[in-house]
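Here are my notes on the model you sent over, as numbered points. Have the structure open while you read.

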Amino acid sequence: MHELSIAEALLEQIEGELQARQLTGVVRRVEVAVGRFAGVVPDALRFAFEVLIAETPLQGTRLEIRVVDPTCSCKRCAAKMFVQEWPLECPQCCSPEIEVVGGRELLLEAIEIDD
C-alpha cells in the first residue's frame, strides 16, 4: 500500500510547514487535493494518515480529501475536456492526441490550526 508512504510524506510536509512558519497551535484539519489519475485510493490514504498520527501531537487531526477530476486538452484542436477513464479521444475532432493537464495532482492545500 503506497498510500502509507504518501501519508508519511504528507506528515513531513505538514511538520515542515509548521516549523517554517513557527506555528505551535493544535492542527485541527488538513486539506489535500488528490487527482483521480494520481493512483491514490482516498480511503487508504485516510486510513494510513489516521494510523500514523495516533499518539502523536497531530492525533485528532481531520484529513479532508478533495478528489480532482481529470482534465485534458486535445493536441490537435486544443479542445478542453473532463474525462473519467481511458482510452481518451477528443469529443470535438476524435483525435487520440490527448494530453492530461489535470487530475494527477497530490497537493497539500490547507492546514487549519487552533492557536
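1. Let's start with the sheet, keeping in mind that this is a predicted model. Three strands make up an open sheet in the order β4-β3-β5, and the pairing is antiparallel. β4 and β5 are the edge strands: each has a single partner, so one side of each has no neighbour in the sheet. Going from one strand to the next, the twist averages 35°.

2. Now look at the β3 and β5 pair. β3 covers residues 71-74, and four bridges hold the antiparallel pairing with β5. If you want one bridge to find on screen, take C74, whose bridge partner in β5 is I98.

3. Next, the loop between β4 (80-82) and β5, where you'll find S95. Is S95 buried or exposed? Its relative accessibility is 0%, and S95 therefore counts as buried, the cut-off for that being under 20%. The S95 side chain reaches the backbone nitrogen of E97, at 3.0 Å. Leaving out residues up to four places away in sequence, S95 also touches C74, R76, E89 and C90. That C74 is the residue bridged to I98 in point 2.

4. On to the nonpolar packing. Nonpolar side chains tend to be buried together in soluble globular proteins. Here the largest nonpolar core has 18 residues, and I14, L45, F49 and L63 have the most contacts inside it. Two or more residues come from each of α1 (3-20), β1 (26-35), α2 (42-53) and β2 (62-68). α1 gives the most, with six residues.

5. L45 is a good place to centre your view of that core, as one of the residues with the most contacts inside it. Which residues does L45 contact, setting aside neighbours within four places in sequence? They are E3, I6, A7, V34, V40, L63 and I65. There is also another core, lying apart from the one around L45; it has ten residues, including F37, M81, C90 and I98. Two of these names came up earlier: C90 is touched by S95, and I98 is the bridge partner of C74.

6. Last, a residue with the opposite label to S95. R104 sits in the loop between β5 (98-102) and β6 (106-114). Its relative accessibility is 53%, so R104 counts as exposed; the cut-off there is over 50%. R104 and I6 are 98 residues apart in sequence, while their C-alpha atoms are 14 Å apart in space. I6 is also among the contacts of L45 in point 5.

Conventions
Residues numbered from 1 in each chain as written. Predicted model: local features only at pLDDT ≥ 70, side-chain atom pairs only at ≥ 80, totals over all residues. Heavy atoms only, no water. Buried < 20%, exposed > 50% of the residue type's maximum accessible area, 1.4 Å probe, protein only. Core = buried A, V, L, I, M, F, W, Y, C linked by side-chain atoms within 4.5 Å. Contact = heavy atoms within 4.5 Å. Polar contact = N/O pair within 3.5 Å; in protein donor to acceptor, adjacent residues only side chain to side chain. Pairing = 2+ DSSP bridges. Axes fitted to C-alpha atoms, helices over the stretch in contact; angles between N-to-C directions.
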